[in-house]
Amino acid sequence: MTEISPADEAVPVVLRVNGTDRRIAAEPRRTLADALREDCGLTGTHLGCEHGVCGACTVLLDGEPVRSCLLFAVQAQGAEIRTVEGLADDDGTLHPLQEAFWRHHGLQCGFCTPGFLMLSAGVLETRPDIGDEELREALSSNLCRCTGYQTIVEAVRSVRDAAGA
Amino acid sequence: MKPARFAYVAPDSIEDVLDALDRFGDEAKVLSGGQSLVPMMNFRLARPEVIVDIGRVGGLDGMSVVNGSLTVGARVIHARLEAPTGAMPDGRTEPLGGVLGSLLPEVARFVGHLPIRARGTFGGSIAHADPAAEWCILARTLDAEMVALRRGGERVIAAADFFETVFTTALEPEELLAAVHLPILGDDWRAGFCEFSRRAGDFAVVAAMTAVRLDPATGAISEARIGVGGVAGVPVRLPAAEATLVGEVPGAEVHAAAAEVAAGEVDPAGDLHGSAAYRRDLVRAMVARALAQGAGAPG
C-alpha cells in the first residue's frame with residue numbers, strides 16, 4: 001500500500017521553480033499557487049478567481065501553461081515549474097514578451113499580466129508559428145478587465161513575428 | 001476559496017489505486033487532471049476525505065486501435081485529442097484517420113481553454129459527468145463503452161447506462177474508470193458537432209452531435225444518431241429525430257425536418273443561461289448545423 005499523507009500534516013515537498021529546488025512543507029490541500037506565493041515568496045503569480053476561470057495564476061508546468069490554482073503542490077513534485085519571476089534575465093533585461101507588453105500597452109493595472117505573460121510564453125515556445133486565429137483563441141484563456149485584449153494580442157503577435165523574421 | 005483538508009495518496013500502480021479505493025470507499029475521490037474536481041473542492045462543493053491521485057500511475061494514458069474501437073486511456077489529456085494518434089495492432093503509432101479521427105479534434109477544441117486542455121483528462125471529464133460536457137455527449141452519441149476496474153474485477157458499462165444524472169455515474173466508489181472504447185466510424189459514416197456557448201471555452205448552453213451512416217448504393221441514411229447536451233441531467237439521444245432521418249438522403253430539408261422533431265423531443269429546464277424555449281430553439285439550430293457539417297455543407 002502506498003504511503004498516505006494525513007490531511008492535517010504538512011509534508012515535505014520539493015518544487016523545482018525557475019531552475020532552483022525549493023524545499024517546503026505543505027499540507028496536501030496546498031495549491032501550487034499558494035505554495036509559490038506563501039511558501040516560496042514568489043508573489044508574481046497572482047490569484048484572481050481561484051477556480052480556474054481567470055488565468056491570473058498561470059504558470060508553466062513542463063513547458064505547458066496551466067492554472068496553478070487547480071493543482072496541488074504535492075502533484076507538481078518532479079516537474080519543471082516556471083513563473084513570471086523567471087522570465088527576465090538575472091541582470092534585469094526584460095524578456096521579449098515583457099518588452100512587447102510594455103511597448104504595445106498590453107497592460108494597465110497589471111494584475112492579469114503575469115498570467116498573460118506565462119500563457120504567451122508557453123504558447124510561443126511550443127507553437128512558434130501559431131496562426132493569428134489560433135493565437136486569439138489561446139489568449140482567450142485568460143481574463144483582462146482593463147485592456148480590451150487587442151493590445152495584448154498585438155504584443156504577443158509582435159514577439160511571434162520578430163522571432164520568425 | 002481554499003479546499004477543505006484531505007488526506008492524499010498517489011499510488012504508482014493501478015493495483016495500489018484499486019486497493020486505496022477499496023479501503024476508503026466513498027470517502028475517497030479519484031484525482032486525474034483536476035480541472036473539474038479541484039474547482040469544486042475550492043468552492044467546497046466537494047469535500048472528499050481522501051484524494052487518490054492517479055497522476056503517477058503508468059498505463060492509463062495510452063490510445064490504441066483494437067477490434068474497430070479506439071481505446072482512450074482515462075488519463076489522456078484533452079490536448080492529445082486535438083491531434084489524435086493511436087497505437088495500431090502491429091505496434092506502430094499513427095495519426096488516427098477516418099471519421100472519428102476528424103471528429104475528435106473538431107470536438108476537442110470546444111473543451112475549456114488551452115491550459116485546461118493541457119491538464120484535464122478525457123476519463124476525468126467522463127467520470128465527472130457534466131451533462132453539457134463535450135466528451136460525455138460524444139460518448140453517449142457513439143455508444144461508447146466505459147471500462148471500470150475494481151480490486152479483482154473489471155466490468156464494461158454502456159454509455160446508456162453509465163450517465164445516471166448530473167455529476168452522477170454508474171461507477172461504484174471502489175471502481176476506477178480506466179479507459180473508454182469509442183467505435184471507429186467506418187468511411188460510410190458522416191459525423192458533425194456543433195455547440196453554442198456565450199463565450200469561447202465556456203460550457204455549452206446546448207451542444208449536439210450527429211452521426212449518420214449512408215447506404216453506399218443509394219446514398220440514403222441507413223442508421224442515425226443524434227446526441228444532445230445541455231437539455232437534461234445527462235446527455236440524451238433523440239430517437240424520434242433519428243428515426244426521421246433513416247431512409248432519407250441527406251440535404252437541407254431533411255436536416256431541417258429532423259431538427260424540428262429534435263426540438264420537440266427535448267424537455268429542457270430554463271435557468272439563468274437560457275429559458276426552456278430558448279434551449280429548444282438552440283437544439284433545433286445545433287442539430288441542423290451538426291447534420292450539415294457532417295454532410296460537408298455549411299450550416
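1. Helices here are DSSP runs of H or I with at least four residues, and strands are runs of E with at least two, numbered from the N terminus. By that count, chain B has 10 helices and 16 strands. Its radius of gyration is 19 Å, close to the 19 Å that the globule rule gives for 299 residues, so chain B is as compact as a globular protein of that length. Keep in mind that this is a predicted model.

2. Overall dimensions of chain B come next. Its C-alpha trace spans about 55 × 50 × 30 Å along the principal axes. Of its 299 residues, 55% are buried. Chain B exposes about 12,100 Å². Carbon and sulfur atoms supply 51% of that exposed area.

3. Contacts in chain B also deserve a remark. Take those with a separation of 6 or more: 60% of them join residues 24 or more positions apart.

4. What lines the second largest pocket? The lining has 15 residues. Nearest the pocket centre lie A:Leu61, A:Asp62, A:Gln75, B:Arg75 and B:Arg119. Both chains therefore appear in that list, as the chain letters of these residues show. The space in this pocket comes to about 360 Å³.5. Which elements supply at least two residues each to that lining? They are strand 4 (64-67) of chain A and helix 4 (114-119) of chain B. By residue class, the lining of the second largest pocket divides into 5 nonpolar, 4 polar and 6 charged.

6. A:Glu50 merits a look at its backbone. Its phi is near 60 degrees, a positive value in a residue other than glycine. A:Glu50 sits in the loop between helix 1 (32-39) and strand 3 (58-61) of chain A. Is this residue buried or exposed? The cut-off for buried is under 20% relative accessible area. A:Glu50 has 14% relative accessibility, so it counts as buried.

7. B:Phe167 is a further backbone point. Here phi is positive, about 55 degrees, although the residue is not a glycine. B:Phe167 lies in the loop between strand 10 (163-165) and strand 11 (168-169) of chain B. Partly exposed covers the range between the buried limit, under 20%, and the exposed limit, over 50%. At 39% relative accessibility, B:Phe167 counts as partly exposed.

8. To recap the two loop residues: A:Glu50, with a phi near 60 degrees, is buried. B:Phe167, with a phi of about 55 degrees, is partly exposed.

How values were computed. Residues numbered from 1 in each chain as written. Chains lettered and ligands numbered in written order. Predicted model: local features only at pLDDT ≥ 70, side-chain atom pairs only at ≥ 80, totals over all residues. Heavy atoms only, no water. 1 Å grid on protein atoms, 1.4 Å probe; cavity = no way out; pocket = protein on both sides within 12 Å on 5 of 7 lines; lining within 4 Å. Points joined across faces, edges and corners; volume = space filled by probe spheres on them. Nonpolar A, V, L, I, M, F, W, Y, C, P; charged D, E, K, R; others polar. Rg over C-alpha atoms; globule rule 2.2 N^0.38 Å. Buried < 20%, exposed > 50% of the residue type's maximum accessible area, 1.4 Å probe, protein only. Contact = heavy atoms within 4.5 Å. Areas by Shrake-Rupley, 256 points an atom, 1.4 Å probe, with all protein chains shown as cover.
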